[in-house]
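Please open the model in your viewer and keep the selection tool at hand. We will go stop by stop.

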Amino acid sequence: MFSRLRPAVALGVPALIVLPAVLVACAPAPDTISLSTSPARTAAVTLANASVTGNAYVFVPKANGISAVSFYLDGRTTPMRTDRAAPWDLVGSNAAGASLPYDTSRLAAGLHRLTARISRGTAVTSVTSYFSVKRTTVPTPSVTAPTSPTTTPPRATTTASTIPTPTTTTTTTFTRTAGRPWSSTSPFNTPLPSNAVLDANSASIASYLGGGTRQQVANLYEYGWPVYDADAGTPRASVAVTENWGTNPFANLAVPMPTGMQANSGSDGHAAVIDWSTGRVFEFWQLKKIDATHWTASWGQVTPNVFTGIGNERIGSASSKGSGMSGLAGLVRAREIRTGTIDHALEFSSDAVTPSAVRFPANKTDGSNGAGLPLNMTIPEGGRVRLDPTVNLNAIPGITRAELAVGKALQKYGAFCSDQGGARMAFGFENPMGDPAGDPYPSAGFAWDYYHMSHIPWNKLQVLRQWDGH
C-alpha cells in the first residue's frame with residue numbers, strides 16, 4: 001500500500017498526508033519514477049514523496065528513445081538493477097509481462113531515495129525520488145512450526161522420515177580457514193539421493209523459479225553477508241534492538257564485536273560473527289555501531305553451537321531470516337569460491353514464497369507470495385530445490401569457475417528457500433569485506449554484484465517433496 005507525502009514548508013521535511021490509492025490526477029509524466037499497488041502497473045502515481053508499505057511495483061513509464069534504465073537506492077554507486085526493456089521495472093517482470101514487486105519491508109522505516117539513470121543511446125539523464133517506508137504491523141509467523149529438531153515437521157505426506165538431531169560431539173572439521181559449519185547430520189550437510197522424490201508441484205514451481213531474465217542472482221556485495229571471526233580476546237559490546245518484536249536476542253550477552261567490523265551496505269545491514277571460543281554464531285539485521293561498546297540492530301539471532309548444531313536452532317525465538325534458519329547455514333563462503341568446491345546446501349530468497357506454509361528445516365515463515373502467483377507455483381520456506389544431477393555441467397560452453405562450483409553444489413546438496421525477497425532466486429554469498437584474503441569473485445567469473453549465473457541450466461531445477469529427498 002502507499003499514500004502520498006507533501007513537504008513541510010517550515011522544515012523542508014516530508015509530512016505524511018494519506019490520500020486514496022487510486023489517484024488518476026497524479027498519473028506520472030514520462031521520465032519519472034512511478035509507483036503502483038498492482039503488478040499491472042495501473043493507477044500509478046509518482047514515487048516522489050510517496051509513503052510506501054509492503055510490496056511496491058516501481059517502474060519508469062514508457063517514453064520515446066529509452067534504451068536502458070539503471071536504478072540506484074539510497075545513493076549507492078552500484079545499481080540495484082538495470083532494465084533494458086520497457087516498461088523499465090525496478091525488479092523486472094514475469095513471463096506474462098506483469099511487474100514484479102519490491103518488498104519494502106527489506107528497508108528501514110523512514111526516508112529513502114531512488115535514482116533512475118535513463119539512457120537514450122549515449123545520452124544519460126537522471127531522476128531522483130524521495131519516498132518514505134512505513135511499518136503498520138509487526139511481522140509474525142503465519143504458522144507455528146516445530147521449534148525442536150526432534151519434532152516431526154509438517155510435510156506433504158505421511159511418509160516416514162528421520163529428522164536430524166544435534167550431536168553431542170563435534171562431527172565436522174570446521175575451522176577459520178576450512179570446513180563447513182554444523183554437524184554432519186545437518187540438512188545443509190546431507191547429500192541428496194540420486195532418486196530423490198519430487199514435490200507434486202515440482203514442475204510448476206521450478207518453471208517460475210528458473211524462468212525470467214537474469215532472475216537467479218548471486219548476492220555478493222550489497223546484500224552479501226560479511227562473516228567475522230571472534231575468540232575469547234575479541235572486544236565485547238552490548239547490542240540493543242530497535243524493533244519491538246519480542247525479547248532482545250542479545251540481552252545480557254557480551255557480544256563479540258571484532259575491531260573494524262561493519263555490516264553490508266544493503267538495507268538489510270547483515271553481518272555475522274562466529275565466536276570460536278563458544279561455538280555461538282551471532283547474526284544481525286540492520287546493524288549499526290554507536291560506539292566501541294554499544295551497537296544496535298533492528299533484529300537478529302544467536303545460534304548455540306556451530307559445530308554440533310543443524311543450522312536452524314536459535315537461543316530464544318528471534319531470527320535473522322524469515323524462515324528462522326541461520327543465515328550462515330547455506331552461505332557460500334569466499335574461500336569456497338577460491339577452491340571451487342561448495343560442500344553443503346545453499347540458501348536463497350524468492351518473491352514466490354508460499355504464505356502460511358513452512359517445511360523443515362525452517363521453523364517459521366514470512367512468506368507473502370509477492371509475485372502474485374497461483375499457490376501451486378510458490379515454494380514454502382524450508383522448501384529444498386536441486387539441479388538435475390544428470391546434467392553435465394563441465395560440458396556447458398562458457399560456464400565460469402564460480403558457476404561450476406554453485407551448479408555442482410546444487411546437484412549434490414541443493415538449496416533451501418530461507419526468506420522472501422525481490423528476485424525469483426537470490427542466493428546468499430559471503431561479502432568478502434571480512435575476509436583477509438580479499439575478493440575472489442571477479443577472478444572466478446562473477447564480474448559484478450547480483451551476477452546472474454546465466455550458464456547454469458535453471459530450466460533443470462527440481463523441487464523436492466521434503467528436505468531429505470524421501
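The tour below starts with the whole chain, then visits sheets, helices, cores and salt bridges.

**Before you select**

This is a predicted model, where local features need pLDDT of at least 70, side-chain atom pairs count only at pLDDT 80 or more, and totals for chains, interfaces and linings use all residues. Residues are numbered from 1 along each chain as its sequence is written, and side-chain values use heavy atoms, with hydrogens and water left out.

**Stop 1: the whole protein**

Show everything as a cartoon. The protein has three helices and 25 strands. These are DSSP runs, numbered from the N terminus: helices are H or I with at least four residues, strands are E with at least two. Now switch on the surface. About 18,500 Å² is accessible, and carbon and sulfur atoms hold 55% of that. Accessible areas come from the Shrake-Rupley method with a 1.4 Å probe, and for residues only the protein chains shown count as cover. Of the 470 residues, 57% are buried. Buried means under 20% relative accessible area, exposed means over 50%, and partly exposed lies in between (1.4 Å probe, protein chains only).

Contacts come next (heavy atoms within 4.5 Å). Among those with a separation of 6 or more, 68% join residues 24 or more positions apart.

**Stop 2: the six-stranded sheet**

Select strands 12, 24, 19, 23, 22 and 25. In that order they form an open sheet with mixed pairing. Two strands pair if DSSP finds at least two bridges between them. Strand 12 (216-219) and strand 25 (461-463) are the edges, each pairing on one side only. From one strand to the next, the twist averages 35°.

Zoom in on strand 19 (residues 346-350) and strand 24 (residues 425-428). They pair in the antiparallel sense over two bridges. Look for Ser 349, which stands opposite Ala 426 in strand 24.

**Stop 3: two helices on that sheet**

Add helix 3 (residues 401-412). It packs on the sheet, touching strand 19, strand 22, strand 23 (415-420) and strand 24. The direction of helix 3 makes about 120° with that of strand 22. Axes are lines fitted to C-alpha atoms, for helices over the stretch in contact, and angles run from 0 to 180 degrees between N-to-C directions.

Now add helix 1 (residues 202-209). Helix 1 also packs on the sheet, at about 135° to the direction of strand 25. How many of the eight residues of helix 1 are buried? Six are, which leaves the helix mostly covered. Select them: Ser 202, Ser 204, Ile 205, Ala 206, Tyr 208 and Leu 209. Their packing partners include strand 21 (379-381) and strand 24.

**Stop 4: the four-stranded sheet**

Go to strands 4, 3, 6 and 9. They make an open sheet in that order, with antiparallel pairing. Strand 4 (45-46) and strand 9 (102-103) stand at the edges with a single partner strand each, so one side of each has no neighbour in the sheet. Strand 3 (residues 34-36) pairs with strand 4 over two bridges. Pick Ser 34, and its bridge partner in strand 4 is Thr 46.

**Stop 5: the nonpolar cores**

A nonpolar core is a set of buried Ala, Val, Leu, Ile, Met, Phe, Trp, Tyr and Cys residues joined through side-chain atoms within 4.5 Å. The largest has 73 residues, and those with the most contacts inside it include Leu 114, Val 406, Phe 429 and Met 453. Helix 3 gives the most to this core, with five residues. A second, separate core has 21 residues, including Val 227 and Trp 276.

Center on Phe 429. Beyond its neighbours within four places in sequence, its contacts include Trp 225, Val 406, Tyr 441 and Phe 446.

**Stop 6: the salt bridges**

The whole structure holds eleven salt bridges. Each needs a side-chain nitrogen of Lys or Arg within 4 Å of a carboxyl oxygen of Asp or Glu.

- Select Asp 89 and Arg 41, whose side chains meet at 2.8 Å, N to O. They lie 48 residues apart. Asp 89 is buried at 1% relative accessible area, and Arg 41 is buried at 16%.
- Select Asp 199 and Arg 359, which meet at 2.5 Å, N to O. The pair ties together parts 160 residues apart in sequence. Both residues are buried.
- Select Lys 412 and Asp 343, with closest N and O atoms 3.7 Å apart. Lys 412 lies in helix 3 and Asp 343 in the loop between helix 2 (334-339) and strand 19. Lys 412 is partly exposed at 43%, and Asp 343 is partly exposed at 33%. Add Arg 180, and shared partners join these residues into one network.
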